[in-house]
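Student: Hi! Could you walk me through this one, a bit at a time?
Tutor: Sure, have a look first.

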Amino acid sequence: MAAIEKISEQKSFGGVQGFYRHDSTACNGPMRFTVYQPPQVKHGRVPALFWLSGLTCTEENFTIKAGAQRVASELGLIVIAPDTSPRNTGIPGEADDWRFGAGAGYYVDATVAPWSKFFNMYTYCSRELPDLVAEHFPIDTQRVGIFGHSMGGHGALTIALKHSNRFRSVSAFAPIVAPMQVSWGENAFPRLLGPDRETWKQYDATELVQQKKFPGTILIDQGDADSFLNENLRPQIFEAACRKVGQPLSLRMQPGYDHSYYFISTFIEDHLRHHAAVLRT
């Protein structure tokens, strides 16, 4: 069994909120993550949700700000939130640009040196971390979902579309749905994946959904007052691709909401109930 280090654990809504660290093979160094265990784990294995955070975030942002623990406790859901990238790798300038490097791993497996040695967040989030937490926590591995915000929404969508056998439910808050067509992706993808745009398609939800649909409804919430909406999020691109192939999609434009955790905390209960409804079946 792979080792994990407990940083802290606190009781929350009858369950336990824990912070942990381990040595990652995929990311070639230490990685941090959090796990909320609801009180139902006392009686056996329960469904689990993986949350992927956005640019500049760590594992703490969602855990502290989203307010997921109360509803996760009611529904009997384990919720896991990893950091968004490796840290302190020694790569020169890794933290100089908030849109790239530390805190901005984009949930891809980098192929360009020196990033390829550490920045393998796709493998980390789709395989290594799910396998690790399944060893240490009472997760029903047949009932697992994934969701995320912004860059993490991009990660959740792409991972779910490629691994629907592992992740049975998916949702996102203000996701980057077409990174190949927006400045954030065009800034990061060449440096992580090289210049060949064909290789980028495996990490673009708009491209992926046209190759293989997700076997269920995708839920997306997007604030219409989000300052990133028109330049980097552009959910209408994904909506059009879903309509073209018949992918069930619930895209909810939320009037007056921005890109912040105030937006996420407002609708987190809806997302948790969306996943719980799918994972109960």
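Tutor: Let's start with a word we need: a cavity is a set of grid points where a 1.4 Å probe fits but cannot get out. Keep in mind that this is a predicted model.

Student: So what is the volume of the largest cavity?
Tutor: Searching the whole structure turns up one cavity of 30 Å³ or more. Its volume comes to about 60 Å³.

Student: Which helices and strands each supply at least two residues of its lining?
Tutor: The lining residues include Y36, F62 and A72. By class, five of the lining residues are nonpolar, four are polar and none is charged. The elements you're after are β3 (29–37), α1 (59–65) and α2 (69–75).

Student: On to helix α4 (residues 151–162): how far apart are its end C-alpha atoms?
Tutor: Each residue should add 1.5 Å, so the twelve residues ought to span 16 Å. The model agrees with that, since the end C-alpha atoms are 17 Å apart.

Student: And how many of the residues of α4 are buried?
Tutor: Buried means under 20% relative accessible area. Among the residues that pass are M151, H154 and L161. The helix is mostly covered, and the count is eleven of twelve.

Student: Is V182 buried or exposed?
Tutor: V182 sits in the loop between β7 (169–173) and α5 (183–193). Leaving out residues up to four places away in sequence, V182 touches I176, E231, N232 and R234. Because its relative accessibility is 2%, V182 counts as buried.

Key:
Residues numbered from 1 in each chain as written. Predicted model: local features only at pLDDT ≥ 70, side-chain atom pairs only at ≥ 80, totals over all residues. Heavy atoms only, no water. Helix = DSSP H or I, 4+ residues; strand = E, 2+ residues; numbered from the N terminus. Expected span 1.5 Å × (residues − 1). Buried < 20%, exposed > 50% of the residue type's maximum accessible area, 1.4 Å probe, protein only. Contact = heavy atoms within 4.5 Å. 1 Å grid on protein atoms, 1.4 Å probe; cavity = no way out; pocket = protein on both sides within 12 Å on 5 of 7 lines; lining within 4 Å. Points joined across faces, edges and corners; volume = space filled by probe spheres on them. Nonpolar A, V, L, I, M, F, W, Y, C, P; charged D, E, K, R; others polar.
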